[in-house]
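This report describes selected strands, turns and surface residues of one protein model. Please keep the structure in view while reading.

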Amino acid sequence: MKGNRWSLIYIAGLIYIFSSCANRVTPTGGKKDEKPPAPQSFEPPNYSINFKNKKVVIDFDEYIQLNELQKQLIVSPLMDPPPVINAKKKSLIIELPENLRINTTYTLNFGKAIADIHENNAIESFQYVFSTGSILDSLFIKGKTLDAYKQKGEKGICVLLYRNFDDSLPLKSKPDYFARTNENGEFRMNNIGPGQYMMVALNDKNSNYICDSPVEEDISLSQLVVPDSNEVVLNYFTEQPTGLYIRKINYTGDKRWSVLMNKTSDSASLTPLNNQQPAYLESWSSGHDTVYIWCADTLQDSLYIKVLNSNAVVDTVRIELSKSQSAKSKGRGSGEAVNAKYFFIESSSASTGLKPFSNLEMLFKNPIVQLNAGQFLLKEDSVPVEKFGLTFSDTLRRKLLVTTKWKEERRYQLTLLPGAVVDFMGIANDTIQLFFPVKSSAEFGTLELMITDLPPGNFILQLIKGEAGVVNQTKITASGKYEFKALDPAKYRLCLVDDSNNNGRWDTGNYLKKIAPEKVYYYEQEITVRSNWELEQEWKIVR
C-alpha cells in the first residue's frame, strides 16, 4: 500500500514537471516582419548605359510577389509591346521587347507592385533605369494637374509628353513619355533628355494613352515645356459635343414629358413639325439642356416636334400621347376641383420653415392659366393678413411668389380655396393649406465679403456648401462689398468664375480650337458661418 502511494506521488510529479516545461517553451511567434524586400543584385546593373540586353534579373533578399502590376507599373518612354514581367521565388524577371529606341533612357517604375509573400510589405517607387545610348538622361519635369472648374487634383490622371508639337498627336499617337498623378494631382517625370516638349494632361479612361475623343475624356490644352525646376500646371476639362441631339425622353406624369439633350445650348428651341399638331407648352431648364413639355388631352396619338439649334433643324421628337393617362380617366374633368395637394404644388419654400428676408415660393407641377387672388387667404397666428402680393416669377406661370412683411418667430397659414388656381388642362384645385413658421434671424449667419483687385470683366461670385453645391450666386463686375444673408451655419467655399462671354455660367474649353475653359478662382480657405453672427471677410483676387 505504501509503495503504491509513493508511485502515485512520483507520477503526479512527472506530470507537473512536463506540463510546466510545456508552458514555458510555447513559441511567441517573434516580432512581425515590417521590412519590404531589398534588392541584392541586378543583371545588368541598374542605371546601365549602352544597354543591349533583352532580359533583366533582379534578385531580392526574400521571396517576392507582384500586386496590381498593370496599375502600378509605369514604363517611360512606352514600350510597344510592353515588357513581360514575372516574379519567381526571390527574383524579378523582366523580358524586354526587341524594338527599343536607340540613345534613349528608359525608366521602369514599379510603384508598390513588388512585395514580400508573407506580410505583403511593398517597396515604395522601386525603379530600374537603363540607357540604350552612352549617357543617362537625368533631367526631370514636375507639376500638377487640376480639374478646370473644381481646381482640385485627382489620382491617376495621365500626363503625356511628346517630342513633336502637333496638337493632333494625343488623338492618334502614344506619347514619348508619360506619368500618372498622385492623390493631389502631382506628377514627376524623371530621366528626360534636354529639349522642348509638348505636354498634355488626360483622364485616360480606357488606358490606351490616346485621347479617343475630347468629349468623352478630360483633356488639357497642350503646353510647351522644357525640363527644369519650374512647376507645370495643367487644367483639364471635358469638351461639349459639337452636334446637338436628343438623348432621352421621359414621361413624368400628368401630361408632362422631359426631353434631355446631349449638351447645353442657348440657341436650342422647339417648333411643331406641322400645323396640325396639338397645342403644347414648353419650359427649358436653367442649364438649357433639358426641355419640359406639357400637352393636354387630345384625340391625336402623337406630338411631333422639331429641335432647332440656331434655327437649323438638328433632331425631331415624337411624344406618344396615348401612353399617358388622361385627366378625365382619373375622374377629373375640365374645371373640376380635385382634392390632391400634390397634383398642384411640386415644392414649396415653406416645407422647412421660411427664412427671414425671403419670400414664400411655390412651384406648381403644371403651368397655371388662371389665378384668382380672392381665393388666397393668409393668416399670421390665426389673424388674417390683409396685404400680401401674388406674383409669378416665370413666363410659364409655375413659380408663384407670396410677398408680405413677414415677422420672425411667427406661424403662418396659407390657404388656397377651391378655384384659387386653374392649370393648363383646365383643372381647378380643391382646398390646399400650407402651415409654416418664419424662423428667427438669430438662427442664421451673415457673410460680408469685401472683394479687392478685381480686374475689368464679367464674373460670377458663388457660395458653395459641401455636397449641396452652389447655394447662392450673383453676377459682379467690380471690386466692392457683397453680402450674403440668412446663411445656414456651415462651412462654405468661395468661388469666382471669369464669365468672359457673360452667359451666366462656367463654360468648358475646346482642345483643337485652343479655347481654354473659363478661369475659376477659389478662396484658399473654407469659411465658417455661425448662427447669429456677422462675418467680415476680405478676398484679394490674384490672377
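## Strand β6 and its neighbours

In this predicted model, strand β6 covers residues 91-95, and 4 of its 5 residues are buried, so the strand is largely enclosed by the rest of the structure. Strand β2, residues 55-60, runs antiparallel to β6 and is joined to it by 5 bridges. Within this pairing, V57 has I93 as its bridge partner.

Strand β5, residues 84-88, is also antiparallel to β6, and 5 bridges connect the two. Here K88 is partnered with S91. Together β5 and β6 make a hairpin with 2 residues between them.

## The turn residue K89

Which residue in the turn between β5 and β6 has a positive phi? The residue is K89, with a phi of about 55 degrees. Most residues other than glycine have a negative phi. K89 is not a glycine, yet its phi is positive. Its relative accessibility is 59%; because exposed means over 50%, K89 counts as exposed.

## Strand β19 and its neighbours

Strand β19 spans residues 256-261, and 5 of its 6 residues are buried, so this strand too is largely enclosed by the rest of the structure. It pairs with strand β18, residues 246-253, in the antiparallel sense over 6 bridges. These two strands form a hairpin with 2 residues between them, and D254 in the turn has a positive phi of about 50 degrees.

Strand β22, residues 290-295, is antiparallel to β19 and is joined to it by 5 bridges. S258 can be followed through both pairings: its bridge partner in β18 is N250, and its bridge partner in β22 is Y292.

## Cis peptide bonds between β4 and β5

Most peptide bonds are trans. The bond from S76 to P77, however, is cis, with omega near -5 degrees. P77 lies in the loop between β4 (74-76) and β5. A cis peptide bond also joins D80 and P81, where omega is about 5 degrees. P81 is likewise found in the loop between β4 and β5.

## Charged residues at the surface

On the surface, D33, E34, D61 and E119 gather in a patch of negative charge. E119 belongs to the loop between β8 (114-116) and β9 (127-131). With a relative accessible area of 35%, E119 is partly exposed.

Another glutamate, E409, is located in the loop between β32 (399-403) and β33 (410-416). E409 is exposed, and its relative accessible area is 63%. Although E409 is not a glycine, it has a positive phi of about 60 degrees.

Note on methods
Residues are numbered from 1 along each chain as its sequence is written. This is a predicted model: local features need pLDDT of at least 70, side-chain atom pairs count only at pLDDT 80 or more; totals for chains, interfaces and linings use all residues. Side-chain values use heavy atoms; hydrogens and water are left out. Buried means under 20% relative accessible area, exposed over 50%, partly exposed in between (1.4 Å probe, protein chains only). Helices (H or I, at least four residues) and strands (E, at least two) are DSSP runs, numbered from the N terminus. Two strands pair if DSSP finds at least two bridges between them. Patches are made of residues with over 30% relative accessible area and no salt bridge: like charges are joined within 9 Å, nonpolar side chains (Val, Leu, Ile, Met, Phe, Trp, Tyr) within 5 Å. Accessible areas come from the Shrake-Rupley method with a 1.4 Å probe; for residues, only the protein chains shown count as cover. A salt bridge is a side-chain nitrogen of Lys or Arg within 4 Å of a carboxyl oxygen of Asp or Glu. Lys and Arg count as positive and Asp and Glu as negative; His and the chain ends are not counted. The place of a charge is taken as NZ of Lys, CZ of Arg, CG of Asp or CD of Glu.
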